[in-house]
Amino acid sequence: MQIFNHIAEIKNYLRKEQKNGKIIGFVPTMGYLHEGHLSLIRRAANENDMAIVSIFVNPTQFGPAEDFERYPRDLQRDVNLAQQAGANVIFTPDVAEMYPQGYKTYVEVQEITNTLCGASRPGHFRGVTTIVTKLFSIVRPDRAYFGQKDAQQAIVIQQMTKDLDMDVEIMVCPIVREKDGLAMSSRNVYLNPQEREQAVVLSESLALAKKLIIQGERDAFKIKAAIVDKITQKPLAKIDYVSIVDAQTLKDIHHITNRVLIALAVKFGSTRLIDNIIVEV
Ligand code: AMP
């Protein structure tokens, strides 16, 4: 496996591979890899000639009061895990390599970035679309793999690649969960034992919502109320948002028809967790 820190070097390496006809699968990550990331890497390795993984904690997608500095990092562990999962190349640039002095260009997707996580984290998606665009122009992947865990991110990236005619197929992969249902996240390490125990309420409340819909409930307001009620039974949970939106447009839904995304963000202390489910009726 090859590890690159510099843009010019990985470009040079990949352009040669691509000239030889190699099909490239790409998995952008912020590192501190877990089974969720590894499921993406395994798929990229299975479906392409080469799997490229980037590990970069991207400062432009963190707000000033967010956890950029303390975001967990362990490159050696990540390198081993990525290799075992089938990665052929790791790209791990530093911040100055990606945003050198004088950097001035940002990519912004409108409207669908203003709701859900975009409303609570202003500027977050601008940082995401900017770094993903940069990574795509460095790697030039045929396919790029994203997790359904970040449902809005996957939709925003799909919109961006369509709008900007980027030649990359966006593959969205299922959420990988702990045994008790908690969606895997690098941020789960922040949780103390009590918070960790109570955090299972995110997936439980989504399962409850799905059950209500299956039983025939179509009023999004009532379903939201049931989710909020369940979450607020956990004393350490502070709801950021609970939303029921059209799975494509991300617009709020009142009466449930066809495909809805139920998404939520809940804070435990300073740790903000997200989860979601898509329900089709
Ligand atoms: P991150 O390192 O958190 O930026 O995540 C990198 C990629 O892994 C994103 O496309 C995430 O959606 C995806 N991912 C993170 N957690 C999970 C999970 N539990 N299941 C599936 N994909 C995930």
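Seventeen residues surround the ligand, stated as 17 in the shell, and M30, H37, D150, V176 and M184 come nearest. The model is predicted. Three backbone contacts stand out for description. A polar backbone atom of M30 is 2.9 Å from an oxygen atom of the ligand. V176 places a backbone N or O atom 2.9 Å from a nitrogen atom of the ligand. For M184, a polar backbone atom is 2.9 Å from a nitrogen atom of the ligand. The ligand taken alone exposes 480 Å², and the protein buries 93% of that.

The shell around the ligand draws on several elements. β2 (24-29), α2 (35-47) and β5 (143-147) each supply at least two of its residues. The largest share comes from α2, with three residues. By class, the shell has nine nonpolar residues, six polar residues and two charged residues.

Strand β2, one of the suppliers of the shell, is mostly covered. Six of its six residues are buried. On one side of β2 lie I24, F26 and P28, and on the other lie G25, V27 and T29. Both faces are covered, and these residues are all buried. β2 also pairs with β3. The two strands run parallel, and six bridges join them. One end of such a pairing can be named: I24 has M50 of β3 as its bridge partner.

Salt bridges were examined next. Side chains of opposite charge can pair when their charged atoms come close. The structure holds twelve salt bridges. Three of them are described here, including the pair formed by E17 and K22.

The side chains of E17 and K22 meet at 3.2 Å, N to O. E17 has a relative accessibility of 15% and therefore counts as buried, the cut-off being under 20%. K22 has a relative accessibility of 33%, so K22 counts as partly exposed.

A salt bridge also joins the side chains of D67 and R187, at 2.8 Å, N to O. This pair links distant parts of the chain, 120 residues apart. D67 sits in the loop between β3 (50-55) and α3 (75-84). R187 sits in the loop between β6 (169-173) and α8 (193-198). Both D67 and R187 are buried.

In another salt bridge, R272 partners D240, and their closest N and O atoms are 2.8 Å apart. R272 lies in strand β9 (residues 271-280) and D240 lies in strand β7 (residues 237-246), so the pair ties together parts that are 32 residues apart in sequence. R272 is buried, because its relative accessible area is 19%. D240 has a relative accessibility of 31% and so counts as partly exposed.

A further position is Y99. Y99 is placed in the loop between α4 (95-98) and α5 (116-120). Its relative accessible area is 13%, so Y99 is buried. Y99 and T60 are 39 residues apart in sequence. In space, their C-alpha atoms are 9.4 Å apart.

Methods
Residues are numbered from 1 along each chain as its sequence is written. This is a predicted model: local features need pLDDT of at least 70, side-chain atom pairs count only at pLDDT 80 or more; totals for chains, interfaces and linings use all residues. Side-chain values use heavy atoms; hydrogens and water are left out. A residue is near a molecule or strand if one of its heavy atoms lies within 4 Å of it. A polar contact is a pair of N or O atoms within 3.5 Å; within protein, one must be able to donate a hydrogen and the other to accept it, and residues adjacent in sequence count only if both atoms are side-chain atoms. Accessible areas come from the Shrake-Rupley method with a 1.4 Å probe; for residues, only the protein chains shown count as cover. Helices (H or I, at least four residues) and strands (E, at least two) are DSSP runs, numbered from the N terminus. Ala, Val, Leu, Ile, Met, Phe, Trp, Tyr, Cys and Pro count as nonpolar, Asp, Glu, Lys and Arg as charged, and the others, Gly among them, as polar. A salt bridge is a side-chain nitrogen of Lys or Arg within 4 Å of a carboxyl oxygen of Asp or Glu. Buried means under 20% relative accessible area, exposed over 50%, partly exposed in between (1.4 Å probe, protein chains only). Two strands pair if DSSP finds at least two bridges between them.
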